[in-house]
Amino acid sequence: MKQILYAFTIWFLLVPLYSGVSHAADTIRVGTTQPLTGKFKYFGQEQLRGIQMWVADINARGSLLGKDVELVYYDDYSEPERSALLYRRLIEQDKVDLLIGPYSSPTTLAASSVAEQYDFPMVASAASAEQIWNRGYRNIFGVDVPAGDYMKIAIEVAQQKGATKFQLVSSNSVFSQDVAEGVRAELRERGLELVLDEQYDLNQVDFRELARKISRTKTDVLLGATYLEDAIDISKAFRDLRVKAEIGMVALTVGPAIYQFGVEMGPYAEGIVGVVQWLRSVHKPGGEDFAYRYRLRYGHNPGVHGAIGYSAGQVVEAAVRLANSTDKDAVREQLKTMEFSSMFGKYKVDATGRQIGKQNYLLQWQDGQRRLVAPPSEAERELIYPRLPPGQ
């Protein structure tokens with residue numbers, strides 16, 4: 001009986017969250033997994049919405065190579081091993097024609113190994129760890145800025161404001177450690193001082209001691225290689241302890257770009273800086289229209305992960321149209337060689353599939369909104385520096 005129940009449970013977990021009729025000859029199937037539950041659910045839910053909007057737009061305006069597009073997706077629970085299992089199912093059983101990668105670097109590392117095993121090209125979405133591109137794979141292509149380059153714009157802007165002393169905090173995740181290594185290299189190259197370099201466990205929730213340590217170290221800028229939950233927890237530790245740290249700028253990676261950050265922090269989000277790959281105010285092709293339609297559909301403005309999901313779809317679409325086929329070899333060749341301006345920015349990869357055509361932007365929470373503050377050519381507001389949280 002237990003064996004029967006176990007088998008049924010596995011079957012149930014592997015049923016697609018959405019699938020139309022059986023694979024018809026006049027349908028192109030796109031497969032993905034996203035974390036709709038678990039630690040990364042906020043990112044995965046938004047990224048999936050972006051992909052769904054892309055599919056809806058293709059079908060509304062006609063077709064792709066004369067065929068309707070169907071999305072087959074699963075919840076990977078934020079678990080790399082489960083995602084790998086599900087991509088195997090997408091390829092073997094669901095017979096998808098195209099693949100879009102999951103959220104997060106660890107999950108993409110696992111999923112892309114499956115794609116490589118089947119020699120099946122995959123467009124990575126929000127995944128940027130350097131290890132993804134250093135394995136000699138020929139089937140993984142990124143749209144996200146590589147992790148080692150993530151904080152360059154924050155360091156550049158801070159130095160322009162006169163900052164010379166920096167602190168760095170990072171989780172022990174693959175992505176965060178790649179960001180941290182990029183920060184160290186950039187500071188060395190610019191001759192700037194790293195006065196504190198602290199690592200914490202990704203699952204840590206109590207950051208009071210770290211906040212005290214940061215506040216005791218005189219510095220100009222705090223850089224954090226964070227996700228959403230730890231970005232919120234670190235910021236709340238400063239708030240709750242009423243830390244009077246003399247920090248001119250607090251800049252975090254993933255976190256401040258997500259609208260939930262503002263919901264959780266309220267007025268205490270004010271002045272916090274985030275590194276972001278996209279905002280609707282960047283005025284990339286179709287961005288304002290996408291943001292308007294996303295807001296009508298979901299009740300809030302899209303964050304960067306909605307745009308990444310949509311733009312990953314655009315990259316897949318461009319490769320298919322240029323190849324005039326869903327043949328894997330033809331699509332792979334286009335993904336290797338094409339240059340394409342998506343809503344997210346310029347798509348161009350090197351020989352490893354690493355994205356080299358795009359840069360990050362800098363936002364700051366001002367007046368309860370995410371405002372683009374760098375680079376100057378795209379900025380809608382001036383960076384407020386130094387900026388202290390309310391009550392300080």
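Begin by selecting V30, which stands opposite L98 in β3, and keep in mind throughout the tour that what is on the screen is a predicted model. Now widen the selection to the two strands concerned: β1, residues 27–34, runs parallel to β3, residues 98–100, and 2 bridges join them.

From this pair, extend the view to the whole sheet, in which 5 strands lie in the order β2-β1-β3-β4-β5, forming an open sheet with parallel pairing. Colour the two ends next: β2 (68–75) and β5 (140–142) stand at the edges, and each has a single partner strand, so one side of each is left without a neighbour in the sheet. If you look along the sheet, the twist to follow averages 25° from one strand to the next.

Next, select residues 41–61, which make up helix α2, and see how this helix lies across β1, β2 and β3, while its direction runs at about 165° to that of β2.

The last stop is the largest pocket, which holds about 360 Å³ of space. Of the 20 residues that line this pocket, select I153, V157, A374, P375 and P376, the closest to its centre. Then show α5 (152–160) and β14 (369–374), each of which supplies at least two residues of the lining; α5 gives the most, with 5 residues. Colouring the lining of the largest pocket by residue class completes the picture, with 10 residues nonpolar, 3 polar and 7 charged.

Methods. Residues numbered from 1 in each chain as written. Predicted model: local features only at pLDDT ≥ 70, side-chain atom pairs only at ≥ 80, totals over all residues. Heavy atoms only, no water. 1 Å grid on protein atoms, 1.4 Å probe; cavity = no way out; pocket = protein on both sides within 12 Å on 5 of 7 lines; lining within 4 Å. Points joined across faces, edges and corners; volume = space filled by probe spheres on them. Helix = DSSP H or I, 4+ residues; strand = E, 2+ residues; numbered from the N terminus. Nonpolar A, V, L, I, M, F, W, Y, C, P; charged D, E, K, R; others polar. Pairing = 2+ DSSP bridges. Axes fitted to C-alpha atoms, helices over the stretch in contact; angles between N-to-C directions. Contact = heavy atoms within 4.5 Å.
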